[in-house]
Each structure stands twice: as structure tokens, then as C-alpha cells.
Amino acid sequence: MPIIEHEEYQKMRIIPHHHGSVFDHSLAVAYLAYRIASRCNLDVESTIRGALLHDFYLYKFKKRENRNILIEGLRHSRNHPKIAKKNALKYFELNVKEIDIIVNHMFPIGLPRCYEAWVTTLADKSLALIEYSARVAYCMYWRRRRQLPRNLKA
Ligand SMILES: [Fe+2]
Ligand SMILES: [Fe+2]
């Protein structure tokens, strides 16, 4: 069963993630992980499938009222790989490597067992950093712009 075209997978298009959607993020991680895996002669198909599904948790992360954002973030970091695995198994058949990629992509919270999972956690972290930096830069730009006198705004 193709993953990207699946209607449940398409739902990730509307779930925000750093500076885009979980859908965009997952495709970008899958592409980067694929590039690294093919260079290293690893199991490219499992890498792509696992990476596509690594964040298949299908909910919007939202801080609950009166809860510490750090604790909420940590809870999300710990729980979403398990939820992604459960969702993925509901709609797709997965092999051991693909499950390892999903469950352990939040290293050091999880510990990858196969090289394909290490490659995916590396791709995920690199892209998360870039996406998060883009978001911070975007927010700073608009904050600065709001502070400028009206006649200096382009
Ligand atoms: Fe994740
Ligand atoms: Fe991710």
C-alpha cells in the first residue's frame, strides 16, 4: 500500500510542525534519510518507509493550560513515537527496521538498533534544527517589522 497517497497520511498536511506541516517535515526527513542511506548502501526502502512514518502521530501538539511547556514537550517527545507506531501498524505492514526507525527516532529518548534508524534520527534532528531556526527567524523578522515607524516599512 503506498504511504503518501493514503488518506490518513494526507491528514498530516494540516498538522503544524516547526515552520511547516508534519507532512512536509516527514517527506523532507524521508528524502534526506534516503540520500544518506543510499550513500551508505543501507536498506533504502525501509529507510524511506520508516522515515515517512516516523511522525505519524496525527494530533496537533498543544500545551495544556497550567502545565509547564518543558514537561509537556518532554511528554510529547516520549509518547509520539509510540503513537506513530500504533497508527502506522493500523494502516501499513511494517518490517522490524521500519518499526525501529519510528520508535527510536527521538534518540536519546529511544536507542536506534539498526543503521537505518540512526540515519533517520540524524536526518530528523538536522531538519528539525533548520525548520526551528527558520521559524525563529520569521518571528524575529515580524517582531522587528512591527517596531519600525510606519514610514520605514517597505
Ligand atoms: Fe518525532
Ligand atoms: Fe520528525
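Me: In which crossing, right-handed or left-handed, does α3 pass α6?

Reply: Keep in mind that we're looking at a predicted model. Here, α3 goes past α6 in a right-handed crossing.

Me: How do I read a pair of helices like that?

Reply: Start with the general idea: two packed helices are described by the angle between their axes and by the distance between those axes. Now for this pair: the axes of α3 and α6 come within 10 Å and cross at roughly 45 degrees. That angle makes α3 oblique to α6.

Me: Which residues in α3 and α6 meet?

Reply: On the α3 side, look for Ser46, Thr47, Gly50 and Ala51. They meet Glu116, Val119, Thr120 and Ala123 in α6.

Me: How many of the residues in α3 are buried?

Reply: To call a residue buried, count the other C-beta atoms within 10 Å of its own; you need 20 or more. In α3, eight of the 10 residues pass, so the helix is mostly covered. The buried ones are Ser46, Thr47, Ile48, Arg49, Gly50, Ala51, Leu52 and Leu53. As for partners, the buried residues of α3 pack against α2, α4 (69–91), α5 (96–103) and α6.

Me: Let's try α2. Why does its end-to-end distance agree with what a helix should span?

Reply: You allow 1.5 Å a residue, so the 18 residues of α2 (22–39) should span 26 Å. The C-alpha atoms at its ends are 26 Å apart, which agrees.

Me: Which residues of α2 are buried?

Reply: Find Val22, His25, Ser26, Val29, Ala30, Ala33, Tyr34 and Ala37; those are buried. They cover an arc of only 165 degrees around the axis, which puts them on the same side of α2. Flip to the other side of α2 and you'll see Ser38 and Arg39, which are exposed.

Me: What do the buried residues of α2 pack against?

Reply: They pack against β1 (16–17), β2 (20–21), α3 (44–53) and α6 (115–147).

Me: And what follows α2?

Reply: Asparagine 41 does, and you can spot it by its backbone angle: its phi is positive, near 55 degrees.

Me: Can we look at single residues now? Where is histidine 54, and is it buried or exposed?

Reply: Histidine 54 sits in the loop between α3 and α4. Do the neighbour count again: there are 31 other C-beta atoms within 10 Å, so histidine 54 is buried. If you leave aside neighbours within four places in sequence, histidine 54 has contacts that include Ser26, Val29, Ile101, Thr120 and Asp124. Compare sequence and space too: histidine 54 and aspartate 24 are 30 residues apart in sequence, and their C-alpha atoms are 13 Å apart.

Me: Where is histidine 76, and why does it count as partly exposed?

Reply: Histidine 76 is in helix α4. With 16 other C-beta atoms within 10 Å, histidine 76 is partly exposed. Its C-alpha atom is separated by 7.4 Å from that of phenylalanine 61, with their positions 15 residues apart along the chain.

Me: Finally, how many helices and strands does the whole protein chain have?

Reply: The protein chain has six helices and two strands. Reading along the sequence, you get the pattern α-β-β-α-α-α-α-α. The C-alpha trace spans about 60 × 40 × 30 Å along its principal axes. Buried residues make up 30% of the chain's 154 residues. For contacts, look at residues at least 6 apart in sequence: 59% of those contacts join residues at least 24 apart.

Conventions: Residues are numbered from 1 along each chain as its sequence is written. Chains are lettered from A and ligands numbered from 1 in the order in which they are written. This is a predicted model: local features need pLDDT of at least 70, side-chain atom pairs count only at pLDDT 80 or more; totals for chains, interfaces and linings use all residues. Helices (H or I, at least four residues) and strands (E, at least two) are DSSP runs, numbered from the N terminus. The expected span of a helix is 1.5 Å times one less than its number of residues. A residue is buried if 20 or more other C-beta atoms lie within 10 Å of its own, exposed if 12 or fewer, and partly exposed in between; C-beta atoms are placed from the backbone. The arc is that of the directions from the helix axis to the C-beta atoms. Two residues are in contact if their C-beta atoms, placed from the backbone, lie within 7 Å. Axes are lines fitted to C-alpha atoms, for helices over the stretch in contact, and angles run from 0 to 180 degrees between N-to-C directions. Angles under 35 degrees count as roughly parallel, over 145 as roughly antiparallel, 65 to 115 as roughly perpendicular and the rest as oblique. A crossing is left-handed if the near helix is turned anticlockwise from the far one by less than a right angle, and right-handed if clockwise.
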